[in-house]
Amino acid sequence: MFAQRPDIRPATVEVLVDGTPVRVPEGASAAAAVLLAGLPAIRETPVTGAPRLPYCMMGICFDCLAEIDGVANRQSCMVTVRPGMQIRPQRGAREAYRPEGAA
Ligand code: FES
């Protein structure tokens, strides 16, 4: 579905998407790396387990939630890749934010 034009060769960085090395253009988002990796899904919905991939690419749909460098619930379309970044599928429901001291 997504391919890079062979006549344009931007600087690239290597990231790991679910353990697989993927080269992506410098400045691309982690969601773009997920799509270039060809994963069937980056997360599953918590209620039905339906597979999801990045959709809007602008921070609206939350279908791109992923674990990035060990931090869960990151909107991968809003995160710029850097060399060695580790992007993993999001499993299960998001946890609610609780401020320190809250019960
Ligand atoms: S792809 Fe929609 S919020 Fe990231």
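The buried residues of helix 1 are covered by elements that include strand 1, strand 2, strand 5 and strand 7. In this predicted model, those buried residues are Ala30, Ala31, Ala33, Val34 and Leu35. The report below starts from the chain as a whole and then returns to the helix and its surroundings.

**Overall composition**

The protein chain contains one helix and seven strands, and from the N terminus on its elements follow the order β-β-α-β-β-β-β-β. Along the principal axes, the C-alpha atoms fill a box of roughly 55 × 30 × 25 Å. Of the 103 residues, 31% count as buried. The chain exposes about 6700 Å², of which carbon and sulfur atoms supply 53%. Among contacts between residues at least 6 apart in sequence, 35% join residues at least 24 apart.

**The sheet**

Five strands form an open sheet with the order 2-1-7-5-6 and mixed pairing. Strand 2 (20–25) and strand 6 (71–75) stand at the edges with a single partner strand each, so one side of each lacks a neighbour in the sheet. On average, and with direction ignored, neighbouring strands of this sheet are turned by 40° against each other.

Two of the pairings involve strand 7, and they are set out here.

| Strand pair | Sense | Bridges | A bridge pair |
|---|---|---|---|
| Strand 1 and strand 7 | parallel | two | leucine 16 with glutamine 86 |
| Strand 5 and strand 7 | antiparallel | three | isoleucine 68 with isoleucine 87 |

Strand 1 spans residues 12–17 and strand 7 spans residues 86–89. In a regular strand the side chains alternate between the two faces of the sheet. Strand 7 has a covered face, made of Ile87 and Pro89, and an uncovered face, made of Gln86 and Arg88. Glutamine 86, the bridge partner of leucine 16, is thus listed on the uncovered face, whereas isoleucine 87, the bridge partner of isoleucine 68, is listed on the covered face.

**The helix and its flanks**

Helix 1 (residues 30–37) packs on the sheet, where it touches strand 1, strand 2, strand 5 (65–68) and strand 7. The direction of helix 1 makes about 120° with that of strand 2.

The loop between strand 2 and helix 1 holds serine 29. With a relative accessible area of 15%, serine 29 is buried, because the cut-off for that class is under 20%. Leaving aside residues up to four places away in sequence, serine 29 touches Met57, Ser76, Cys77, Val79, Thr80 and Val81. On the other flank, just after helix 1, glycine 38 takes a positive phi of about 75°.

**A nonpolar surface patch**

Leucine 36 also belongs to helix 1. Its relative accessibility is 32%; leucine 36 therefore counts as partly exposed, a class that lies between 20% and 50%. Together with Met1 and Phe2, Leu36 forms a nonpolar patch on the surface, and the three residues have about 390 Å² of accessible area together. Helix 1 thus carries Leu36, a member of this patch, as well as the buried residues Ala30, Ala31, Ala33, Val34 and Leu35.

Definitions and conventions
Residues numbered from 1 in each chain as written. Predicted model: local features only at pLDDT ≥ 70, side-chain atom pairs only at ≥ 80, totals over all residues. Heavy atoms only, no water. Pairing = 2+ DSSP bridges. Helix = DSSP H or I, 4+ residues; strand = E, 2+ residues; numbered from the N terminus. Axes fitted to C-alpha atoms, helices over the stretch in contact; angles between N-to-C directions. Contact = heavy atoms within 4.5 Å. Patch = residues over 30% accessible without salt bridge, like charges linked within 9 Å, V, L, I, M, F, W, Y side chains within 5 Å. Areas by Shrake-Rupley, 256 points an atom, 1.4 Å probe, with all protein chains shown as cover. Salt bridge = Lys/Arg side-chain N within 4 Å of Asp/Glu carboxyl O. Buried < 20%, exposed > 50% of the residue type's maximum accessible area, 1.4 Å probe, protein only.
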